[in-house]
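Please take a moment with the sequence and the model below before reading on. The paragraphs that follow begin with a single residue and widen from there to the rest of the chain.

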Amino acid sequence: MFMGVGSFGRVYSTTWNGAPVAVKIITHSSADDDKIARELALSLSFDHPNLVRALHFAKLRVGPGSGAASLMW
């Protein structure tokens, strides 16, 4: 279910391993790769009761105009 949109993408609610989670779909150009990498590193390092914990991420690169995509873990 769609929850909202932010500066880097859309957020959806779903379940993962039986638990409710939010999934953030980040869309960006390759020019923003460094910004996205920093956001992922920070999100994965947070361990505080007042912050949302990141559990996992996957990177999907889509080729322009081809409809082809490759998944990068």
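Glu-39 counts as buried, because its relative accessibility is 19% and the cut-off for burial is under 20% relative accessible area. This value, like every other one given here, is computed from a predicted model. Glu-39 has its place in helix α1, which covers residues 33–45. Leaving aside residues up to four places away in sequence, Glu-39 touches Phe-8, Lys-24 and Ile-26. With one of these, Lys-24, there is also a polar contact, in which the side chains of Glu-39 and Lys-24 are joined at 2.5 Å.

From this residue one can step back to the chain as a whole. The protein has one helix and five strands, and read from the N terminus these elements follow one another as β-β-β-α-β-β. How many of the 73 residues, as a percentage, count as buried? The share is 8%, and Glu-39, at 19% relative accessibility, belongs to the buried class. The accessible surface of the protein comes to about 6000 Å², and carbon and sulfur atoms account for 59% of that area. If one takes the contacts between residues at least 6 apart in sequence, 12% of them join residues that are at least 24 apart.

The next topic is the sheet. Three strands form an open sheet in the order β1-β2-β3, with antiparallel pairing. Its edge strands are β1, residues 2–5, and β3, residues 19–26, each of which pairs on one side only. From one strand to the next, the twist averages 25°.

On one side of the sheet, β1 and β2 pair in the antiparallel sense over three bridges, and the two strands form a hairpin that has three residues between them. Within this pairing, Phe-2 has Tyr-12 in β2 as its bridge partner.

What describes a pair of aromatic rings? Such a pair is described by the distance of the centres and the angle of the planes. The count of aromatic pairs in this model comes to one. That pair is formed by Phe-2 and Tyr-12, which meet edge-to-face, with 5.6 Å from centre to centre and 70° between the planes. The pair links distant parts of the chain, since Phe-2 lies in strand β1 and Tyr-12 in strand β2, ten residues apart. Are these two residues buried, exposed or partly exposed? Phe-2 counts as partly exposed because its relative accessibility is 40%, and Tyr-12 is partly exposed as well, with a relative accessible area of 29%.

Tyr-12 also leads across to the other side of the sheet, for it stands opposite Val-23 in β3. Strand β2, residues 9–16, pairs with β3 in the antiparallel sense over eight bridges. Another position in this pairing is Arg-10, whose bridge partner in β3 is Ile-25.

β2 and β3 also form a hairpin, with two residues between them. Asn-17 lies in the loop between these two strands, and although Asn-17 is not a glycine, it has a positive phi of about 55°. With a relative accessibility of 70%, Asn-17 counts as exposed.

Beyond the end of β3, the chain enters the loop between β3 and α1, where Thr-27 is found. Thr-27 is exposed, because its relative accessible area is 60% and the exposed class begins over 50%. Although Thr-27 and Arg-10 are 17 residues apart along the chain, their C-alpha atoms are separated by 8.4 Å.

After helix α1, the chain runs through the loop between α1 and β4, the latter covering residues 59–62, and Phe-57 has its place in this loop. Phe-57 counts as partly exposed at 33% relative accessibility. Phe-57 and Leu-40 are 17 residues apart in sequence, while in space they lie 7.9 Å apart, C-alpha to C-alpha.

Conventions: Residues are numbered from 1 along each chain as its sequence is written. This is a predicted model: local features need pLDDT of at least 70, side-chain atom pairs count only at pLDDT 80 or more; totals for chains, interfaces and linings use all residues. Side-chain values use heavy atoms; hydrogens and water are left out. Two strands pair if DSSP finds at least two bridges between them. Helices (H or I, at least four residues) and strands (E, at least two) are DSSP runs, numbered from the N terminus. Axes are lines fitted to C-alpha atoms, for helices over the stretch in contact, and angles run from 0 to 180 degrees between N-to-C directions. Buried means under 20% relative accessible area, exposed over 50%, partly exposed in between (1.4 Å probe, protein chains only). Contact means heavy atoms within 4.5 Å. Accessible areas come from the Shrake-Rupley method with a 1.4 Å probe; for residues, only the protein chains shown count as cover. Rings of Phe, Tyr and Trp (its six-membered ring) pair if their centres lie within 6.5 Å; planes under 30 degrees apart count as stacked, over 60 as edge-to-face and the rest as tilted. A polar contact is a pair of N or O atoms within 3.5 Å; within protein, one must be able to donate a hydrogen and the other to accept it, and residues adjacent in sequence count only if both atoms are side-chain atoms.
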